[in-house]
Each structure stands twice: as C-alpha cells, then as structure tokens.
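User: I am new to this structure and would like a close look at one part of it. Please show how the helices pack around the core.

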Amino acid sequence: MAKARKAGDRELAAAISALRKPTVAVWAAGLLARRRPKEAQSLVQLGEALRTAHRTLDAGQLRRLSHDQHVVIQRLARTARALAVEAGQAVSEPVLHEVEQILHAVLADPGVAAQWMAGRLVKAPDAALGFTGLEPAPGAAPPRRAARPAAPAKEQVRPPDPDAGGRVVQVRRERARAARAEAAEAEAEAERLEAARAAAQEAADRAGTDAAAAEEEVRVAGERLETVRAAGADAAARLKEAGRAAAKARARAETAARKAGKLTGPEG
C-alpha cells in the first residue's frame, strides 16, 4: 500500500487498504506456504492421497495416511510458529491450534489447498470434519469387517478408524511433551532474565556507593578549600599589618638617628 501511494496510484492503494487483514493464524499458515513451498506441497499431496484412499476404501492405506497426517500437521504447525517468531510475531497455543485446523482444512478441501498454496487465503476455513463429499470409486471393495447394521447415509462419511484412540493418545503425549519443553524454555529464560536483573541491581548498587563516596570527597574538598581560603585571607591580613608595623619602626628609627646626630655633632 505504501508503494502504491508513493507511486501515486490512489485506486490501487485504496483497494489494498480495503483488503481484509488475515488473523495471526491465517498469516502464519500463509507464511509457511511461502517460506516452505516444498513442505507445503507435500501436505497437499498427502491430502490427495487421503482422498484417493477414501474413494478406493483402502483401509490399510487410510490407517497409514491418517497417522501421517497428524504427524505432518503438528510438525508443519510448529514450523509455522517458528517462522512467525522469526518474523517478530509471537504465536500462542490457541493460535497454534488454529494453524493446525487450517492445515486440516488444506488436507480435506482441494479448494482451500489451492488458495493456501497461491497465498490467497484471507480467513480461516470452516473446521474440516473428515473428507466429506467423496464417494467410493466404481468397483471399489469395502474393507473386510464384520457385518454391521447399515448406518444412515449421512453417517457413512468415512470408515471407522480402529487406531483413532491410539492416535489421540499419541497426539496428547506429543502436545504434552511440547508443552513441557516450552515450559522448560520459559523457565530457563526467566532464570536468565532474573540473573541479568540481579547483575544490573548489583551494578546499580555499586554505582550508587561510588557516587556517594564521590559526593563525600567533593564535600570534604570543598571544606578544605574554604579552610585554605580563610587561612590565606588571614595570612594576607597579618602580612599587611606586619608591613604597617615595619614602616612605623623604620620611621621611629630614622627619627632617633637624627636626634642622635644632633646630639653628637660639633658645638657651634
């Protein structure tokens, strides 16, 4: 916008100003797509593979890819947070969770993935609830499972995942480890700052002591200066008085000498 204004293009500047500003989570997710294009492309390809597995009802592939998606999304979300911090923007845990939700939507919706890769994602997409809208490919065989009563069509969005509970536990463990690591880093930073504060306080105390000592030295020197000045003034007064006394003594001596000369001279 600043460049458009500088170039004198008011219409372009106004159009840029009217654009909706993304949230921190959307901005961080977009930063990931711009700064790590290969990793972003791998996420999009994982989404394509997951959709293919849903269409073909490949249970083994679904289990493997579903596990991969949680690992990849958490890793990419942490990468997005690191990139944001490098750019000067802190990312809290709630915002990090929003970034993960955006990446889930990128996996589930090819339209969202295209916007994300092109840098045109300006708002967080709706939360992804599986891979909706996908029908099994013609001739695809369903996974071999024990027969169960048919569920309503709206509930047959995706096959049940027997590993879901284990993945939830794994995700929770990974988040707990990340939280502990973050807490340890915060505690170490707090200790470092406390040590720096203590060192600064010690330096300030030393400076205060030195300043007080210097002020005392100045005060004593001032007193000495006043004493020396007073002594100098007294000596000058005594010198002046001694000069006057010496002059009077010389005058008396000269008078006495004249009288003595008259008394010892020849008689007339």
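Analyst: A word on angles comes first. Each axis is a line fitted to C-alpha atoms, for helices over the stretch in contact, and the angle between N-to-C directions runs from 0 to 180 degrees. The model is predicted.

Start with the overall layout. The protein chain has eight helices and zero strands. Along the sequence, the pattern reads α-α-α-α-α-α-α-α. Of the 268 residues in the protein chain, 21% are buried. Take the contacts with a separation of 6 or more: 70% of them join residues 24 or more positions apart.

Now the packing of α4 on α7. These two helices pack at an angle of about 170 degrees, and their axes are 11 Å apart. An angle over 145 degrees counts as roughly antiparallel, so α4 is roughly antiparallel to α7. From α4 come Pro37, Ala40, Gln41, Leu43, Val44 and Arg51. They meet Pro110, Ala113, Trp116 and Met117 of α7. By class, this contact of α4 with α7 holds eight nonpolar residues, one polar and one charged.

Helix α4 has another partner, α5. Helix α4 spans residues 37-56, and α5 spans residues 59-86. Their axes come within 10 Å and cross at roughly 155 degrees. The two are therefore roughly antiparallel to each other. Their crossing is left-handed. On the α4 side, the contact is made by Glu39, Leu43, Leu46, Ala49, Leu50, Ala53 and His54. On the α5 side, the residues include Leu62, Leu65, Val72, Ile73 and Leu76, and also Asp68 and Arg75. The contact of α4 with α5 divides into 10 nonpolar, five polar and three charged residues. Leu43 of α4 takes part here, and Leu43 also meets α7.

Next, α3 and α6. Helix α3 covers residues 24-35 and helix α6 covers residues 93-108. Their axes come within 9 Å and cross at roughly 55 degrees. That makes α3 oblique to α6. The crossing is right-handed. In α3, the contact residues are Val24, Ala25, Val26, Ala28, Ala29 and Leu32. They meet Val95, Glu98, Val99, Ile102 and Leu103 of α6. This contact of α3 with α6 has 10 nonpolar residues, no polar ones and one charged.

What sits in the middle? The largest nonpolar core has 35 residues. Leu32, Leu43, Val99, Leu103, Val106 and Trp116 touch the most other members. Two or more residues come from each of α3, α4, α5, α6 and α7, the last being 110-118. Helix α5 gives the largest share, nine residues.

Two residues show how these parts meet. One is leucine 103. Beyond its neighbours within four places in sequence, leucine 103 is in contact with Leu32, Leu43, Ile73, Leu76, Ala77 and Trp116. Among these, Leu32 lies in α3, Leu43 in α4, and Trp116 in α7. Ile73 and Leu76 belong to α5.

The other is isoleucine 102, found in helix α6. Isoleucine 102 is buried, because its relative accessible area is 2% and buried means under 20%. Outside its neighbours within four places in sequence, isoleucine 102 is in contact with Ala25, Val26, Ala29, Leu121, Ala124 and Pro125. Of these, Ala25, Val26 and Ala29 lie in α3. Isoleucine 102 is also 8.9 Å from valine 112, C-alpha to C-alpha, with their positions 10 residues apart in sequence numbering.

Notes. Residues are numbered from 1 along each chain as its sequence is written. This is a predicted model: local features need pLDDT of at least 70, side-chain atom pairs count only at pLDDT 80 or more; totals for chains, interfaces and linings use all residues. Side-chain values use heavy atoms; hydrogens and water are left out. Helices (H or I, at least four residues) and strands (E, at least two) are DSSP runs, numbered from the N terminus. Angles under 35 degrees count as roughly parallel, over 145 as roughly antiparallel, 65 to 115 as roughly perpendicular and the rest as oblique. A crossing is left-handed if the near helix is turned anticlockwise from the far one by less than a right angle, and right-handed if clockwise. Contact means heavy atoms within 4.5 Å. Ala, Val, Leu, Ile, Met, Phe, Trp, Tyr, Cys and Pro count as nonpolar, Asp, Glu, Lys and Arg as charged, and the others, Gly among them, as polar. A nonpolar core is a set of buried Ala, Val, Leu, Ile, Met, Phe, Trp, Tyr and Cys residues joined through side-chain atoms within 4.5 Å. Buried means under 20% relative accessible area, exposed over 50%, partly exposed in between (1.4 Å probe, protein chains only).
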